[in-house]
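Subject: Structure handover and notes

Dear colleague,

I am passing on the structure we spoke about, together with some notes on what turned up when I went through it. Please have the sequence and the coordinates open as you read.

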Amino acid sequence: MSPTSPAAVAEKGLQSGEISAMIKNGFLSPTYSPPPSTTTTPSSPKPSTLFEMISKEDSLSRPPPPSPLPLPVSGNAHRLRSLISRLTAEVTSACGPGDVNLSITSREGLSISIKAHRRVLIDRSRFFKEKLSGSGIGDWVTVSIFDCDDVEAYLEVLAMMYCHDLKKKLTGEEVSRVLEFLKVCLAIMFDNGVNSCLNFLEAAPWSEDEAGMIVSVLRSFHLHDRATMVLQRINTEPANSMRTDDVLLRLLSGVLQAKNEKARQEMKSLLAALIGDNDHNIEQCNVSLKKLYDLCNKCLSSLQLCLSDAKNTDERQRDRGVLMGEIAREADNMRWLVEILISRKMADEFVTLWADQKELASMHSNALPRYRFEISSITARLCVALGQGQVLVSGDAKHSLLQTWLEPLYEDYFWLRRASRAFDQKMVEDGLSETILTLSMTQQEAILLRWFDLFLNKGDDCPNIQKALKVWWQRAFIKLPVVNN
């Protein structure tokens, strides 16, 4: 037998005197051991407890245990009676009348008794083999189990010891129930039962809650080698950061290149939930900044190519709708990457990257609004993040961003308001106002006076940032009273 096998681990605990493990599993009473009988003949019952067998202590001076409570009238009691009746029939049918009286008492004092067979117990359980092999053949033996946590689990494990096809018996059981069986099998060193429970856990489907229970139980029993086979379907240790990086990059790239729009949107939502904006997911999914920005640069190249095609497209060609869809998809991809960068607190470098796209902005101004307006939604999202403090960059970076992309945003605002379903006008206008107010007073004045002229001519087709104008005016021209101490 391997020194690291489940049975060896349990046996080592018994040999080292760790009786408390058996007590915790409900197999031994920590406070009472009945005195041994002076008669050993088959006609005279020979009372003997597992605690006597192990401790060999003289307990004659200890008070007798309380009388066991009868089975109450309840659903649990009815189930226990049915289980006892079924188990008795199975045991008797398989091996005839028993020669071991197995008495099980719960912590609440509920007591049951069932006839078992010495040869079965000895053959199936190394614990029983050690403790019962000294009794004479034909002697009537009573084995008492006190303070049991789960009487039904002990009875079911006893039934398993008489079963020749444990896989079939466990099929259909709940995972939590098999974990209880496993605890009992380990406690009594029922090796076949331990292996059958582990095989069941390896094959059965788990819920997330059940996975947590399985990991906890297997670790508590230090089943290192055998548990590996069960736990290989879940990753219980932190993943290698390089592997996480590669897998996540593949998933992101797949979404960006997807052909089916419905599937692309569904996978975008799924990945957003997987890598999310909570601190736990941010720590677990350490996709590198470089690889995320590599994807951003690929999207920028695709946008430039699409805008170049839009400039050269004959309005009479039928494929202009296809081209509009391609531009919208690439812009949506870019906006999605920006959302990921913002959620992971990595978007500060993107502000500078987007501000540097002078060529793309120039191509944007030469394209028809119905082709290009989705690109301005990227600028709008950045302004919201900057205005809400989700992205922290210098005033120069923000000013550079607005110099490159604020005029295109003004030009596309009509289309954004009417054609973009995800566009939140109030949020964008508040974000733009707050972003402008973080600049120097000179920069605020130039931007707001330019906006004032545009708004008077375009009205609602221009973002309404009069909130920023009011604050700037108060800062620039209304002198606050000096408070004397």
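What follows goes from the chain as a whole to its cores, then to three helix pairs, and ends with a few single residues.

Please keep in mind throughout that this is a predicted model. The secondary structure of the protein chain comes to 24 helices and 4 strands, and of its 485 residues 46% count as buried. Among contacts in the chain with a separation of 6 or more, 72% are accounted for by residues that stand 24 or more positions apart.

On the cores, it may help to recall that in soluble globular proteins nonpolar side chains tend to be buried together. In this model the largest nonpolar core has 59 residues, and those with the most contacts inside it are L155 and L201. Helix 7, which covers residues 151-161, gives the most to this core, with 9 residues. If neighbours within four places in sequence are left aside, L201 is in contact with V175, V178, L179, L182, W206, I214, V230 and R233. There is also a second, separate core of 48 residues, and L271, A310, A331 and V351 are included in it.

Turning to the helix pairs, two packed helices are described by the angle between their axes and the distance between the axes. I took three pairs in turn.

The axes of helix 7 and helix 9 come within 9 Å and cross at roughly 75 degrees, and because angles of 65 to 115 degrees count as roughly perpendicular, helix 7 is described as roughly perpendicular to helix 9. From helix 7 the contact is made by E152, A153, Y154, E156, V157 and M160, and from helix 9 by R177, E180, F181, V184 and C185. Sorted by class, this contact of helix 7 with helix 9 has 7 nonpolar and 4 charged residues, with no polar ones.

For helix 21 (residues 395-419) and helix 22 (residues 425-436), the axes come within 12 Å and cross at roughly 160 degrees, and the two helices are therefore roughly antiparallel to each other. Their crossing is left-handed. On the side of helix 21, K398, L402, L406, L409, Y413 and R417 meet Q425, E429, L432, T435 and I436 of helix 22. By class, the contact of helix 21 with helix 22 has 6 nonpolar, 2 polar and 3 charged residues.

The third pair is helix 23 (residues 441-458) with helix 24 (residues 466-477), whose axes come within 10 Å and cross at roughly 135 degrees, which makes helix 23 oblique to helix 24. The crossing of helix 23 and helix 24 is left-handed. Helix 23 makes the contact through M441, Q444, E445, L448, W451 and F452, while helix 24 does so through Q466, A468, L469, W472, R475 and A476. By class, 8 nonpolar, 2 polar and 2 charged residues are found in the contact of helix 23 with helix 24.

A few single residues also deserve a look, beginning with two backbone cases. Most residues other than glycine have a negative phi. Phi of M189, however, is near 60 degrees, a positive value in a residue other than glycine, and the place of M189 is in the loop between helix 9 (175-187) and helix 10 (191-203). K345 likewise has a positive phi near 60 degrees without being a glycine, and K345 is found in the loop between helix 17 and helix 18 (348-355). As for their surroundings, M189 counts as buried at 3% relative accessibility, whereas K345 counts as exposed at 65%.

Two further residues are polar or charged by class, and both can be placed among their contacts. E330 lies in helix 17 (residues 320-343) and is buried, with a relative accessible area of 10%; not counting residues up to four places away in sequence, E330 touches C299, S302, L303 and C306. S103 lies in strand 2 (residues 100-106) and is buried as well, because its relative accessible area is 15% and buried means under 20%. Leaving aside neighbours within four places in sequence, S103 is in contact with S111, I112, S113, V143, S144 and I145.

With best regards

Key. Residues are numbered from 1 along each chain as its sequence is written. This is a predicted model: local features need pLDDT of at least 70, side-chain atom pairs count only at pLDDT 80 or more; totals for chains, interfaces and linings use all residues. Side-chain values use heavy atoms; hydrogens and water are left out. Buried means under 20% relative accessible area, exposed over 50%, partly exposed in between (1.4 Å probe, protein chains only). Contact means heavy atoms within 4.5 Å. Axes are lines fitted to C-alpha atoms, for helices over the stretch in contact, and angles run from 0 to 180 degrees between N-to-C directions. Angles under 35 degrees count as roughly parallel, over 145 as roughly antiparallel, 65 to 115 as roughly perpendicular and the rest as oblique. A crossing is left-handed if the near helix is turned anticlockwise from the far one by less than a right angle, and right-handed if clockwise. A nonpolar core is a set of buried Ala, Val, Leu, Ile, Met, Phe, Trp, Tyr and Cys residues joined through side-chain atoms within 4.5 Å.
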